[in-house]
Amino acid sequence: MKKTEKLHEPVFQIAKRGSMVWYKSWAIRAVAILFALIICALFITFITKTNPLKVYASMIEGTFGSSRKIWNTLQNMALLLCISLAVTPAFKMKFWNIGAEGQTLIGGLASAACMIYFGNKVPEYMLLPMILIAAIVAGMVWGVVPAIFKAKFNTNETLFTLMMNYVAMQLVSFCIVFWENPKDSNTVGVINRGTHSGWLPEIFGQKYLLNIIIVIAITVIMYIYLKYSKQGYEISVVGESENTARYIGINVKRVIIRTMAISGALCGVAGMLLVSGTDHTINTDLVGGMGFTAIMVSWLAKFNPVFMTLTTFLIVFLERGAGEIATKMNLNESVSDILTGIILFFIIGSEFFVQYKVNFRGKHKEEVK
Amino acid sequence: MTNTPAIELKNITKTFGSVVANKNVSLCVNHGEILSVLGENGSGKTTLMNMISGIYFPDEGHIFINGEEVVIRSPKDAFNNKIGMIHQHFKLVDVFSAAQNIILGLDEEKKFDVKSASAKVSEIAARYGFNIDPDKKVYEMSVSEKQTVEIIKVLYRGADILILDEPTAVLTPQETKKLFAILRKMRDDGKAIIIITHKLHEVLSLSDNVAVLRKGEYIGTVKTAETNEAELTEMMVGKKVSLNIERTEVENTCDRLVVKDLHCINREGVNVLSNVSFTARSGEILGIAGIAGSGQRELLEAIAGLQHVENGNITYIDPKTGEEENLKDKTPLQIRDMGVRLSFVPEDRLGMGLVGNMDIVDNMMLRSYRKGKTAFLQRKEPKSLADEIIERLEVVTPSANTPVRRLSGGNVQKVLVGREIASSPTVLMAAYPVRGLDINSSYTIYNLLNEQKKKGVAVIFVGEDLDVLLELCDRIMVLSGGKVSDIADARTITKEEIGLLMTKSQQEEVPENEEN
């Protein structure tokens, strides 16, 4: 046997942690955010030669700077939270619904259609429920179709829901041709600009307040649904183990279809909030990627609707704040994307340290002695 | 060389988080010696062996090979030190032949030469008396043949120190005998052999020395010739235990579940059960024996409504009315709605019987969550059931709100069996209910099954330890390749007879006989 050179133990080893007390895991996350902010600061100073503290101040300024900005922040949060809540039951069931973008868009399309064809013809108190129902049904169809195929033929839901996004987008492009206003502008323009027919009403003089209230209600209902209802329990069981679900007699196919109907319907509601409650128009960029961001919000909060308000706030704050510094410091939009990326990288990376422990060479020996 | 031990461990310690898997363990094996490492499940046997074979790295302690200290950081280091491990779960490529599997992963400079490898394999086989065809594909092999391939694989790589992790768990008594003969031959050839096991009689018949671990701690090493079963058990458990299972006589029995000519095909289109007929009676324990994968799982799942039945009948006889109900082609929910109180403890506890990430209360609810007319869950009853089971079955858990995956194997099983018994079943099916459990937990489970038997429940028990089957059951049905070899009285049949029945269909085609 050849004489081996002096052997060392491995430089580091990774071991899974047992359970962890909640304050420790939150401390790890807080440290991660702190690190992220420091790295971002170094990055900004390096690029712009400005004081990073100033940059952070303007991020906060961009989010909370004026009452209009606060309302906008809340409104952005409400919409993102609504879509996040929509995808949550599906992901909790381990159904990889990446079609929230399309489900929301088609809900928005249905709302716009109702506003255009029935606006000013049907009384408001009937029109708004009509819009709501149309949006819910449209979103539901977009959610249920992949679910039926998954349940009956075990097709891949990720690809299916993704492709449904493109179908929705093409449908919207097609409708824009009919609804163009003014002609040849290739946009729909603000629907019912004069009469505000089919617009969600302002309450207490705030145009977004109703949106926000609706989403708060959905948050509470979703929390109760997932935690305390029989259907929510079935979703957890199917998500954790389909075999267990079959073993106790849960009809797995029915649960998949039912859950995706709920998921799609809520996306439809989000579409209505976007069209009837916010933009009052429709275009292919209506949802603007929120359908994908929502997945991150939902996972970061570990599917807990209450935590989701926090993760939504974090994402919206990053987006708005980064947008603000981009304009103020005369930087490109990409800089804000880079900053958002750095911060998310640290937050998601911190989960590794919550789950695992890293032991470095030699360290534990001293500890023992 | 005979004076220096082949492998020596000194004060090995390994912790996972706050769990101490091994604490100051010292072992020593000479060339030409067989050492048994004995201990209950969870006592740290496998962790210890994984440190020798380079899968884990010890926190503390030293390893010496032939008197020289070595550091084993990876399986490759272990292999360079001529250490070979045969794992409990085989690591073979199904579509490759024996010889191809054996040379797979060797980085020889020469080209991939299967022919000369086959010759060398045959030579090794002849030396120790293995029975192997180097060109046979792995998917055509029986479990014992696959194990042979694994052993030859490490010998081919020149291993001098062999570690076998629970090698007999999947073998019939006859195959075990054969394996032991081979191991003795290797010992006489100067190999150092370590065998991990928790079966006492195997330890006594095979090894020269026995090292005992208990809860990660090293208790001591004794010479096999100077010890006995009772002493070893005491070392293992830490207190005296009586190893007798009481078996009461069957009283007031009547037919409860009649299965006739059952035929099932699995998803791949392979016959998994053919012509299975038997009757389970109230107040008795029907044992099902067979090599793993002989159709035991499919049989129980077919009865529970989880496996599609091609042909045949499953009839349940209601204990009160005497009415016959057909269970074939019914879903689990329909079976429950018919009022059939069928409880099932499946083999895969955390993958089927329970949900690992849910707490004990929510797992109690699996059977009962549909109760009540509202759309909301009632957690009160499941909570009190959870508390009751924790107290009565002595489940070790921080609270009823701890996710079950955090519990140890024995406690997980107590939760599952406790829930299944709580619905006062008339038929109770249990698949390998003591697999992975320590001695005390195992006896708790046996007692629970006996209790159910006395209550007049028809118990169906699928087991792997033939000694236990013979002691616990009233009748034993032996399955072999999806067919019933025989149904025998457990009080008169011997272990060897069962062993022969277990491989019956693999020998030639024997005419069916289904007396008894």
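**Legends: chain A and an enclosed cavity**

**View 1. Contacts and burial in chain A.** In this predicted model, residues 24 or more positions apart account for 77% of the chain A contacts (heavy atoms within 4.5 Å) that have a separation of 6 or more. Of the 369 residues in chain A, 49% are buried, meaning under 20% relative accessible area with a 1.4 Å probe and protein chains only. The C-alpha trace of chain A spans about 90 × 60 × 40 Å along its principal axes.

**View 2. Charged side chains of chain A.** Chain A carries 33 positive and 21 negative side chains, with Lys and Arg counted as positive, Asp and Glu as negative, and His and the chain ends left uncounted. The centres of the two sets lie 10 Å apart, each charge being placed at NZ of Lys, CZ of Arg, CG of Asp or CD of Glu.

**View 3. The second largest cavity.** About 90 Å³ of space lies in this cavity, a set of points on a 1 Å grid over the protein atoms alone where a 1.4 Å probe fits but cannot get out. Lining residues have an atom within 4 Å of a point; among them are A:Tyr247, B:Ala304 and B:Arg367.

**View 4. Elements of chain B at the second largest cavity.** Helix H10 (332-337) and strand S16 (342-345) of chain B each supply at least two lining residues, where helices (H or I, at least four residues) and strands (E, at least two) are DSSP runs numbered from the N terminus. H10(B) provides the largest share, three residues.

**Conventions.** Residues are numbered from 1 along each chain as its sequence is written, and chains are lettered from A in the order in which they are written. Local features need pLDDT of at least 70, and side-chain values use heavy atoms, without hydrogens and water.

How values were computed. Predicted model: local features only at pLDDT ≥ 70, side-chain atom pairs only at ≥ 80, totals over all residues. Buried < 20%, exposed > 50% of the residue type's maximum accessible area, 1.4 Å probe, protein only. 1 Å grid on protein atoms, 1.4 Å probe; cavity = no way out; pocket = protein on both sides within 12 Å on 5 of 7 lines; lining within 4 Å. Points joined across faces, edges and corners; volume = space filled by probe spheres on them.
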